[in-house]
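Colleague: I would like to learn how to read the helix packing and the nonpolar core in a model of this kind. Could we begin with the core and work outwards from there?

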Amino acid sequence: MGSHCRIDGSIDHLPDEVREAVDKRLQDKRISFTSTVEWLNDSGFQISYSAFIRYVKRTNKAAQRLADTMVRAQALTEVAKNMPDVDFTKASAQILLDGLVERITSSPEEFAEISIEKAGRMVTALQKNYIEEKKIDAAYKSKAALVLEQMSADFKDVFSEDKELAAQFSKIVDKIKLKAEKIQAERGI
């Protein structure tokens, strides 16, 4: 297991109840940053203004990422409600992968909490999911083609005496094949 360096600040070392009080003060727009730093120092916690500002920036970045993720998830949910026939598994996996990559690149100090091995496992799990989807899609496509071929052969056998009827059913099967291919293409199969 490899080690990693976690980047945190002096506020991260405060007792939970004090950090919660700081977070509540941050939510109150009437309380200035300077007044919060003074309150901390008066309470016996020596925190510099710059350390406090770094904490505020980290907190705001995390809150913004959460808000962005919630907006993307809500948008996907709304689209899914309007399109019940579409499989959104791929879109969901892509959102997860995009979020992971964005988090790694935009906030390495917060991502430092996750070991490189765990990050690798997360990416590997997403990739395995993608590969499994491709396998399932290929199997579905193969089975659909096999069923249509068998259906066409069965029609030819049943209607072997009536060539005109056999030709009509063959055309119907061909139309079904085209529709199936179109649906598969729309779904990315």
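Modeller: A nonpolar core is a set of buried Ala, Val, Leu, Ile, Met, Phe, Trp, Tyr and Cys residues joined through side-chain atoms within 4.5 Å. This is a predicted model, and its largest nonpolar core holds 12 residues in all, namely Ile11, Leu14, Val18, Val22, Leu26, Val37, Leu40, Ile47, Ala51, Phe52, Tyr55 and Val56.

Colleague: Which elements give two or more residues to this core, and which of them gives the most?

Modeller: Helices H1, H2 and H3, the last of these spanning 49-82, each give two or more residues, and H3 gives the most, with 4 residues. Val56, one of the core residues, is in contact with Leu26 and Phe33 once its neighbours within four places in sequence are left aside.

Colleague: What is the wider setting, that is, how many helices and strands does the chain have, and what share of its residues counts as buried?

Modeller: The chain has 7 helices and 0 strands, so that its pattern along the sequence reads α-α-α-α-α-α-α. Of its 189 residues, 21% count as buried. Among contacts with a separation of 6 or more, 60% are between residues 24 or more positions apart.

Colleague: How should I read the packing of two helices?

Modeller: Two packed helices are described by the angle between their axes and the distance between the axes. Here H1 (residues 16-27) and H2 (residues 33-42) pack at an angle of about 160 degrees, with their axes 10 Å apart. Angles over 145 degrees count as roughly antiparallel, and H1 and H2 are therefore roughly antiparallel to each other. H1 passes H2 in a right-handed crossing.

Colleague: Which residues meet where H1 packs against H2?

Modeller: From H1 come Val18, Ala21, Val22, Arg25 and Leu26, and these meet Phe33, Ser35, Thr36, Trp39 and Leu40 in H2. By class, this contact of H1 with H2 has 7 nonpolar, 2 polar and 1 charged residues.

Colleague: Is Trp39 buried, partly exposed or exposed, and which residues is it in contact with beyond its neighbours within four places in sequence?

Modeller: Buried means under 20% relative accessible area and exposed means over 50%, with partly exposed in between, so Trp39, at 29% relative accessibility, counts as partly exposed. Trp39 lies in helix H2 and, leaving aside neighbours within four places in sequence, is in contact with Val18, Ala21, Val22 and Arg25. Between Trp39 and Val22, which are 17 residues apart along the chain, the C-alpha atoms are separated by 9.4 Å.

Colleague: Where is Ser10 found, and which residues is it in contact with, apart from neighbours within four places in sequence?

Modeller: Ser10 is found in the segment before H1 and, with those neighbours left aside, is in contact with Ile47 and Ala51. At 30% relative accessibility, Ser10 counts as partly exposed. Ser10 and Phe45 are 35 residues apart in sequence, yet 9.2 Å apart in space, C-alpha to C-alpha.

Notes: Residues are numbered from 1 along each chain as its sequence is written. This is a predicted model: local features need pLDDT of at least 70, side-chain atom pairs count only at pLDDT 80 or more; totals for chains, interfaces and linings use all residues. Side-chain values use heavy atoms; hydrogens and water are left out. Axes are lines fitted to C-alpha atoms, for helices over the stretch in contact, and angles run from 0 to 180 degrees between N-to-C directions. Angles under 35 degrees count as roughly parallel, over 145 as roughly antiparallel, 65 to 115 as roughly perpendicular and the rest as oblique. A crossing is left-handed if the near helix is turned anticlockwise from the far one by less than a right angle, and right-handed if clockwise. Contact means heavy atoms within 4.5 Å. Ala, Val, Leu, Ile, Met, Phe, Trp, Tyr, Cys and Pro count as nonpolar, Asp, Glu, Lys and Arg as charged, and the others, Gly among them, as polar. Buried means under 20% relative accessible area, exposed over 50%, partly exposed in between (1.4 Å probe, protein chains only).
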